[in-house]
Amino acid sequence: MVDPSTSQNRGTPEEYDSLTPDQVELKQRWLLFMYHCATCKAAEIWAPCEHGTICKLGRALWRHMLLCDLGDVCIYPRCNEVKCIVKHHSRCKSFTCPVCAPVKLYVHRTKLAKQVRRAHTVVPPHGHALAVFPQQNHHNGHHNGHSHHNGH
C-alpha cells in the first residue's frame with residue numbers, strides 16, 4: 001500500500017508543488033518516456049527504435065497500465081507509480097504545475113515542429129520524400145529570370 005504522505009503520492013496539485021527538483025525531474029522523465037512509448041512507431045514497422053530495449057520494456061509497461069485496474073496492489077514493476085504520474089498529467093490543468101506545465105509545453109512544441117516538417121515535405125509519385133523549404137527558392141542570382149547585364 002502506498003502511503004500518501006510519501007513522494008509516491010497520488011499527485012494532487014498541492015503535493016506536486018512540494019516536490020524536490022529531483023522528484024520533479026524524475027516525474028517529467030517518466031511522462032516524456034511514456035509519451036514516447038505510447039507513440040513509438042518502431043514496433044509497427046519492425047524497425048529498431050532509437051531507445052532500443054528500454055523502449056520495448058516501456059511499451060510493455062504502457063500496454064499493461066492501459067488494462068490494469070489493480071491499483072496499489074499491482075505487482076507489475078513501476079505500474080502504480082507511473083500510472084499515478086500519467087493520471088495526474090492527463091487531468092492537470094495548471095499552467096504552473098512544476099511537473100506538467102513544462103512537459104505539456106514540450107509535447108505541444110514537438111507536435112508543432114512535426115506539423116511544420118510535414119507541411120514542407122512533398123512525396124512525389126515514386127514515393128521518395130523531398131523537403132521543400134520556400135525560403136530557399138533562389139534563382140541563382142537572377143531576378144524574375146532576367147540577366148543583370150544590359151548587353152552593351
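**Two pockets and a helix pair**

The largest pocket has a volume of about 370 Å³. Keep that in view while I walk you through the rest. One caution before we go on: this is a predicted model.

Let's stay with that pocket. What lines it? The largest pocket has 15 lining residues. Nearest its centre lie Y35, H36, T39, C40 and K114. By class, the lining splits into nine nonpolar, three polar and three charged residues.

Which elements supply at least two residues of that lining? They are α2, spanning 21-39, α3, spanning 42-45, and α6, spanning 100-119. The most comes from α2, which gives four residues to the largest pocket.

Now the second largest pocket. About 170 Å³ of space lies in it. Its lining is W30, F33, I54, L57, G58, L61, Y76, P77 and R78. Two elements come up here: α2 and α4 each give two or more residues to this lining. Which helix gives the most to the second largest pocket? That is α4, with four residues. The classes in this lining are seven nonpolar, one polar and one charged.

So α2 is on the list for the largest pocket, and α2 is on the list for the second largest pocket too.

Next, a helix pair. Take α4, residues 53-67, and α5, residues 79-91. They pack at an angle of about 75°. Their axes are 10 Å apart. Angles of 65 to 115 degrees count as roughly perpendicular, so α4 is roughly perpendicular to α5.

Which residues make the contact? On the α4 side, they are L61, W62, H64 and M65. On the α5 side, they are C79, V82, K83 and V86. Sorted by class, the contact has six nonpolar residues, one polar and one charged.

Look at L61 again. L61 belongs to the α4 side of the helix contact, and L61 also lines the second largest pocket.

Finally, step back to the whole chain. How many helices and strands does the protein have? There are six helices and two strands. Along the sequence, the order reads α-α-α-α-α-α-β-β. The helices come before the strands in that pattern.

Two numbers on the fold as a whole. The protein has 152 residues, and 26% of them count as buried. Then take the contacts with a separation of 6 or more. Of those, 45% join residues 24 or more positions apart.

Conventions
Residues numbered from 1 in each chain as written. Predicted model: local features only at pLDDT ≥ 70, side-chain atom pairs only at ≥ 80, totals over all residues. Heavy atoms only, no water. Axes fitted to C-alpha atoms, helices over the stretch in contact; angles between N-to-C directions. Parallel < 35°, antiparallel > 145°, perpendicular 65-115°, else oblique. Contact = heavy atoms within 4.5 Å. Nonpolar A, V, L, I, M, F, W, Y, C, P; charged D, E, K, R; others polar. 1 Å grid on protein atoms, 1.4 Å probe; cavity = no way out; pocket = protein on both sides within 12 Å on 5 of 7 lines; lining within 4 Å. Points joined across faces, edges and corners; volume = space filled by probe spheres on them. Buried < 20%, exposed > 50% of the residue type's maximum accessible area, 1.4 Å probe, protein only.
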